[in-house]
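Me: I am new to this structure and would like to go through it step by step. Could you put it up so that we can begin?

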Amino acid sequence: MIGNVVFSVNGPVVTVQNASDFKMLEMVYVGERRLIGEVIGITREKTTIQVYESTTGLAPGAPVLGTGAPLSATLGPGILSNIYDGIERPLPELMQMSGAMIDVGANLPSLDEEKQWQVTLCVREGETLEEGQIYAVCPETPLIEHRCMVPPGLRGKVVSAAGNGLYRVKDTVVLLEDEAGKRHELTLCQKWPIRTPRPIGKRLPITMPLITGQRVIDTLFPIAKGGTAAIPGGFGTGKTMTQHQLAKWCDADIIVYVGCGERGNEMTQVLEEFSELVDPKSGQPLTARTVLIANTSNMPVAAREASIYTGITLAEYYRDMGYHVAIMADSTSRWAEALREISGRLEEMPAEEGFPAYLPSRISQFYERAGMIRTLGGKDASISIIGAVSPQGADFSEPVTQNTKRFVRCFWALDKSLAYTRHYPAINWNDSYSEYADDLADWYAGHAGRSFLARRQELMGLLHEENKLMEIVKLIGSDVLPDDQKLIIETAKLVRTGFLQQNAYHPADTFVPLPKQLRMMEVILHLYHGARDAITGRGVQKHAVALSEILETGIFSRLTKMKYEIPNDRLELFDEYDAEVDQVLQAL
Amino acid sequence: MSIELTGLSEINGPLVVLEGASGGSYDEMVRLRLPDGSFRTGRIVQIEKDRCVIQVFEGTNGLGLTDTSVTMTGRPMELALSPELPGRIFDGAGRPIDGLGPLFSEKKADINGKPLNPVGRVYPLNYIHTGISSIDCLMTLIRGQKLPIFSGPGMQHNKLAVQIVRQARLAKDDGSKFGIVFAAIGVKNDVADYFRRSFEEAGVMDRTVMFLNLSNDPIIERILTPRCALTAAEYLAFEQGMHILVIMTDVTAYCEALREFSSSKGEIPGRKGYPGYLYSDLASLYERAGIIQGVDGSVTQIPILTMPNDDITHPVPDLTGYITEGQIVLDRSLDATGIYPPVSVLPSLSRLMKDGIGEGYTRADHSAVSNQLFAAYAHVQDTRALASVIGAEDLSTVDQLYLKFGEAFEQKFIAQRFEEDRAMEETLDLGWRLLSLLPKSELDRVDNDMLEAHYCPEEAKALLEQGSDVM
């Protein structure tokens, strides 16, 4: 029988004529160089394949080989600290093989198959194993214990189990016999098709926040563990910066960082920075809990489309072990554009702005893979998704932003004008929202102190009030406002520069724990309340004080700098600020 | 390989269709022979069994269906490379046009290049001194960066590019070789000539490789020009160890050529008729900047693009901004008030500067000064808007100081002469002097120690009293 051969080539889209033995979403090898591709359409006459590598030089008549299996990720120890391309090929090995420039047709195992892991078996002969149950563990990095689980859909009796010791990922450690009497060899790794969500036990309600150490997020617009958030913003507004900050400091156990169609230098930066940065909790480098997926903008477009799914599959795998995983996708717009590009090559009927009609359903499917869940193995775990969106022309009404907004519950709108004043993170407090605030109220009351939410509310109120007043100020200037309104403007300014603005490069300011966030709010509001009493004559001064007198003392600009002056572990220093506020106000 | 086929089955704009050809492959180069014996080159852009769609670079005028012969070359488009490249001038498709004969090539390389493995990159850290205050202080250029100039028709982007080329030097000059690759993409003859003259005057011509596709040259060849230029740049940087600055002008013309090609191919258009893959296509150019491990050289890019109708949300500047590591935006109203270089400070940005400035690179106070200048100048814009409604007299005293600061900032800091090469120290000190026009309490982006060390209201006054000598 003559095998299947290429019929036509158009960019990454290749067709094969009169083939009947391909399955939808099957992975195939195209051409002599064995480029990796995936079947995306089948008709009686024609099979359409998208190829994940450059098709330059591919000619009609070149062989196409089916693999019989869908495009899958290999899951096992060795994923963490690694960096992969969009279809889970390890980039460091690729570099050893073909140098600094990526060659096509490199088929590499995703995991180091020679490396030996110190495995501890958790099952004995004769024991019955359920799907998702852990049968072996090994320390993958100093931070993370890797837990090998029975693949979903499989259950049975242990026929034999190896002893503890050193094993490679492909070594069989457990032999399992299912009810039908069929034997399955369990190794340290398993495969899972990237486009299929891994099964879970059940979904759980949202109960705790993902603490990020970023004040504007933790205090004003919190995201939950198992939640979804979008960061839309034009170029230069700091999407990537915010994603980096979250990847560095958020309190998830595992970080999956997907650089989807972004800059190569940025990925290099993440690589270098994360291996130098030390996790404050464990003293280990951040790479010990991070896996990077880098499909930079000049790498093949079809692999960009796959990179998001590869990332979320890795995240689900670690979630199933019982970890809290956060996945950063930067940027989902590039993924949507990859969909559009391939859809265009397939000559599908375009919907809005050339994007395919299935864009909203693809976006929702992706975000629905987040959640707080109970795993098949009975552990509580979560995936939180934080997706950056790069709207065309910074216009939030474009399809990707709009559709994303429908499926996320946390929206951190980045604002160009804030970025122009170098107010970072440039999250606009008027346009952003978090639907998790109510879900998390109990947690905050219990863990951050009862007053936290009240303070937060007051802060939000002030900012909202300022927004209204600024409309007037823009027309007639601030001089005509009465003192109490001017005080709102001054306090809001203090909130903006002293609280919301956060310096990622300042050692004391780059990560701020919740207690410090609370104390900062308290000091600011202490000044506000004191000043409000003073200007109305109800304060300790026994007479009404003009706001200008308070401003002249410089106390407002003093408080702006408290974020730099108090280290995270010396919160008692805030008492001095409180005292200073009292002193200044009393002296008037 | 060298079978010649006669006869085409379709001609449509820059595309021709050849049927009955066997042995062709996607992206392969072909040669078309006309009845008069002249040759044209083309590339297979779509292939379906024995039917090839070929894009003809020199245009299809004069081509006939029956008397054109096509030969497959079996190879993708390649550029001949040699250490002799510097000093030479080529056309947009890499053919020498300086009368010095063909290049004795050491090797050939596919002009599409290959994607750089992020693991193989070195994160760029060393800043390039340009001697232009606004750029050095506020959007520092880093070696290995891609920093485009967003301009508009009629603004002085070319002059600025020339000034950068003339004054650019590495902060820590380690004696390594510096070179320029210049790609003119659909620009006017005068512009190309201006660059050539300026390079000669600056004495860098023997270190410059030029690729010229002028506005009257074949449009489809424009798609090749930046690729040829970048292939040459990568060769000189990564194989000859040179530090290469690539100047490409005008990227908008490139995108228009791409749109023309796409529409003749009958592709579904995206925004403003540009093809949906414009982002990927631009990225395949811009991402060819950088430094790789174990090699001395580097590729730094300064693409220049003109924003149609000065609209920064137009797809070309918009997508460019999403790929490049910052942008230098020129402003028409500054240009109109006679300020050169008319750098619009607020929307401009350099993403790589944060790690390449400060202690050990420039000066410890650099990032504080630049942040504060940005913040203060942003407030100036608000104040000006307010002043235009209620009049400058009714502004608060602080806001009046801001107006004064804004004026001085534009006249003394942004503006500088074409020949003026300001040292980094000078630029930063000037920044502090301008900031000292404002009350201390307004400077909330700098910490107190720095403020004490650099705040100098007297010098600020002295600065104001100096006539505007820079103009």
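Reply: Let us begin where two strands of the two chains meet. In this predicted model, strand S1 (residues 4-10) of chain A is joined to S5(B) by 2 bridges, and the two strands run antiparallel.

Me: Which residue stands opposite B:Ile47 there?

Reply: A:Val9 stands opposite B:Ile47, which belongs to S5(B).

Me: And how many residues does each chain bring to the contact?

Reply: Chain A brings 63 residues and chain B brings 61 residues. On the side of chain B that touches chain A, at least two residues each come from strand S5 (39-48), helix H6 (278-286), helix H7 (315-323), strand S20 (343-350) and helix H10 (366-390).

Me: Which element gives the most to that side of chain B?

Reply: H10(B) gives the most, with 7 residues. By character, the residues on that side of chain B are 28 nonpolar, 18 polar and 15 charged.

Me: Let us turn to H6(B) and H7(B). At what angle do their axes cross?

Reply: The axes cross at roughly 55° and come within 10 Å of each other. H6(B) and H7(B) are therefore oblique to each other. Their crossing is right-handed.

Me: Which residues make that contact?

Reply: From H6(B) they are B:Leu278, B:Tyr279, B:Leu282, B:Ala283 and B:Tyr286, and from H7(B) they are B:Pro315, B:Leu319, B:Thr320 and B:Ile323. Of the residues in this contact, 8 are nonpolar, 1 is polar and none is charged.

Me: New topic: what is the strand order in the open sheet of chain A?

Reply: The order of this sheet of 4 strands is S12-S11-S9-S14, and the pairing is antiparallel.

Me: Why do S12 and S14 of chain A each have one side without a neighbour in the sheet?

Reply: Strand S12 (145-149) and strand S14 (165-167) stand at the edges and each has a single partner strand, so one side of each lacks a neighbour in the sheet. From one strand to the next, the twist averages 40°.

Me: How many bridges pair S9 with S14(A)?

Reply: Strand S9 (residues 117-121) of chain A pairs with S14(A) over 3 bridges, in the antiparallel sense. A:Val119 stands opposite A:Gly165, a residue of S14(A).

Me: One last item: is B:Asp190 buried or exposed?

Reply: B:Asp190 is exposed, because 10 other C-beta atoms lie within 10 Å and a residue with 12 or fewer counts as exposed. B:Asp190 lies in helix H3 (residues 189-201) of chain B. B:Leu214 is 24 residues from B:Asp190 in sequence, and the two are 9.5 Å apart in space, C-alpha to C-alpha.

Technical notes: Residues numbered from 1 in each chain as written. Chains lettered and ligands numbered in written order. Predicted model: local features only at pLDDT ≥ 70, side-chain atom pairs only at ≥ 80, totals over all residues. Buried ≥ 20, exposed ≤ 12 C-beta atoms within 10 Å, placed from the backbone. Contact = placed C-beta atoms within 7 Å. Nonpolar A, V, L, I, M, F, W, Y, C, P; charged D, E, K, R; others polar. Pairing = 2+ DSSP bridges. Axes fitted to C-alpha atoms, helices over the stretch in contact; angles between N-to-C directions. Parallel < 35°, antiparallel > 145°, perpendicular 65-115°, else oblique. Left-handed = near helix turned anticlockwise from the far one by under 90°.
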